[in-house]
Amino acid sequence: MKFSALLLLPALLLPALGVFAQTGTSSPLNLPKPVRRALAQVRPEAMRAHVAYLADDRLLGRKPGTPGYQLAVDYVVAQLKERGVAPAGENGGFTQRVRLRRSTVRPGATASYQPAAGAASAAGLPLDAISLLPHPEQPSAQLPATGLIFAGYGISAPANNYDDYQGLDAKGKVVVVLRGAPPAFPSTVAAASQDQTQIVRTAAAHGAVGVLFATLRPALGGPARLASSTSVLGADGKVAAARGFVSGPGGVALTGTLSAAGLQTLLRAAASDTAQIMRRLRASQPAPVLLPGTLAAQWESTYQDFDSYNVVGKITGSDPKLRDEYVVHSAHLDHLGVGAPVRGDSIYNGAHDNATGVASVLEIAGIYSRLKQKPARSILLVLQTGEELGLLGSAYFAARPTVPAASLVANVNTDMPTIIAPLLSVVPLGAQHSTLAAPVAQAAAYLKLPVEDDPEPEQNRFIRSDQYSFVAQGIPALHLKYGNRTPDGRNNLSEQVKQWRAATYHKPQDDMSGTFDFEAGRTYVQLNFLVGYLIAQNPERPRWNPGDYFGRQFGGQR
């Protein structure tokens, strides 16, 4: 931190600074008394009340585009107004319209494989080996007879000395890939490498015209379902965001899935052994294979377009210059709606996922409402739609924010804090990639919460929630989750969460009758607030660490 920068700040800001040196080291946090007092006023019963309303059966699971979701929007807007938050959406209001398109493959879609003459195996693909995904921009699409290649995980990462495309000519071909990443990759880099959109973009950059995502899992059987997907449309009617689809010249013509039996058929035709290929991939060694034969496909897609909304509120900062920059606190407002009954219940209420996250953001707004002196930067409170559909609302907002895009400096996301036990330690997913690690360490130390590594890296949580939409726009972001510490000292909270997840996650049983620890929710609110507050107070913008993967990958977006 430059001394000259400190001189420009109001004297009231200084007690919360000084902890952010250029080296990233920190000293004990000395919060101003009004901030300490406001933090102490967070009430567990207030969180409970928010969750009880948002997870009520009357909202029918808050599915985007439904009256139940609109009830959730109205509730959140009313709560923000009550806390003195200013509107920061479109047209002077609190909302940003998100135009969603649900695309479905029509019956009659065909995909046929023609083995090459003289191939090791002349067998065709098993029936229903390929499931085509809809094309959200072309109602009628086709792929003429096209060659195929197998490109491992579909990752091209020269900076990590790894390239699944080495020795392969993908131009004009369909690329077959497995979901996964080299075990040698750090966990968050491995997670990001498995992002479907990135895999498609990488394939297109190598000249591919299609991508088939293969699985090693045997088919479960039962009637085939028509594939569907949801995307966000821009003002031009083109796809602005979609998981696994890239619009325009940076995309491909065909995407789909390939069964385990289908993958084995293609590899046998290339005289390749699946087990040997998997051994190479698990040893972090590329295993590219030219697949003899051609694939042709023809399919049609139907569309259902509908509107949903992000909610955006603003707390204006106190510094004349820094108030034009924003720290974003976000949480997704949607859930799954009404679906297949489980143990006699068909309403997927989403109490933990993510009514608790929304409640956290509302209570962060409550803390700010009790502060006469606001932080230097402004705060945006963004409650997003379409997370369950593929991070769609956050992807739309991060790319098309309702404030100048360059003014977004950081995102602190809240998604399913899983408050089923005391919060005794914390995992800041993604913070290690940027200077956000410093305010996290300081806020956690203030609350006496040890900072731990992710106890469940295999969950790929860093790319599975809305913070990743901000990362993809070059904005440093993080997602605070529970650590592994438990009151009994066994420090195995992740095991308890796994049991809870198996019984409750994405099921109708995620309602108010489940397990909650709202005292842990109170601590979670305080932690998220402090991280955002410290970012807002620091005269230096957050930045990616030198040479960091995400800085190299996305840093040029801003």
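How many residues line the second largest pocket, and which of them lie nearest its centre? In this predicted model, the lining of that pocket is made up of 24 residues, and those nearest its centre are Thr-197, Arg-201, Ala-240, Ala-472 and Gln-473.

The second largest pocket has a volume of about 590 Å³, and its lining comprises 13 nonpolar, 7 polar and 4 charged residues. At least two lining residues come from each of helix 6 (196-205), strand 11 (239-242), helix 10 (392-399) and helix 12 (467-471), and strand 11 contributes the most, with 4 residues.

Turning to enclosed space, the structure holds 2 cavities of 30 Å³ or more, which are set out below.

| Cavity | Volume | Classes of lining residues |
|---|---|---|
| Largest cavity | about 50 Å³ | 10 nonpolar, 1 polar, no charged |
| Second largest cavity | about 40 Å³ | 8 nonpolar, 2 polar, no charged |

Around the largest cavity, the lining includes the residues Pro-417, Thr-418, Ile-419, Ile-420, Ala-421, Pro-422 and Leu-423, and Tyr-482, Leu-493, Ala-520 and Tyr-524 also belong to this lining. No charged residue takes part in the lining of the largest cavity.

The second largest cavity is bordered by Leu-133, Pro-134, His-135 and Pro-136, together with Phe-245, Val-252, Ala-253, Leu-254, Thr-255 and Trp-299. Charged residues are absent from the lining of the second largest cavity as well, whereas the lining of the second largest pocket has 4 of them.

Notes. Residues numbered from 1 in each chain as written. Predicted model: local features only at pLDDT ≥ 70, side-chain atom pairs only at ≥ 80, totals over all residues. Heavy atoms only, no water. 1 Å grid on protein atoms, 1.4 Å probe; cavity = no way out; pocket = protein on both sides within 12 Å on 5 of 7 lines; lining within 4 Å. Points joined across faces, edges and corners; volume = space filled by probe spheres on them. Nonpolar A, V, L, I, M, F, W, Y, C, P; charged D, E, K, R; others polar.
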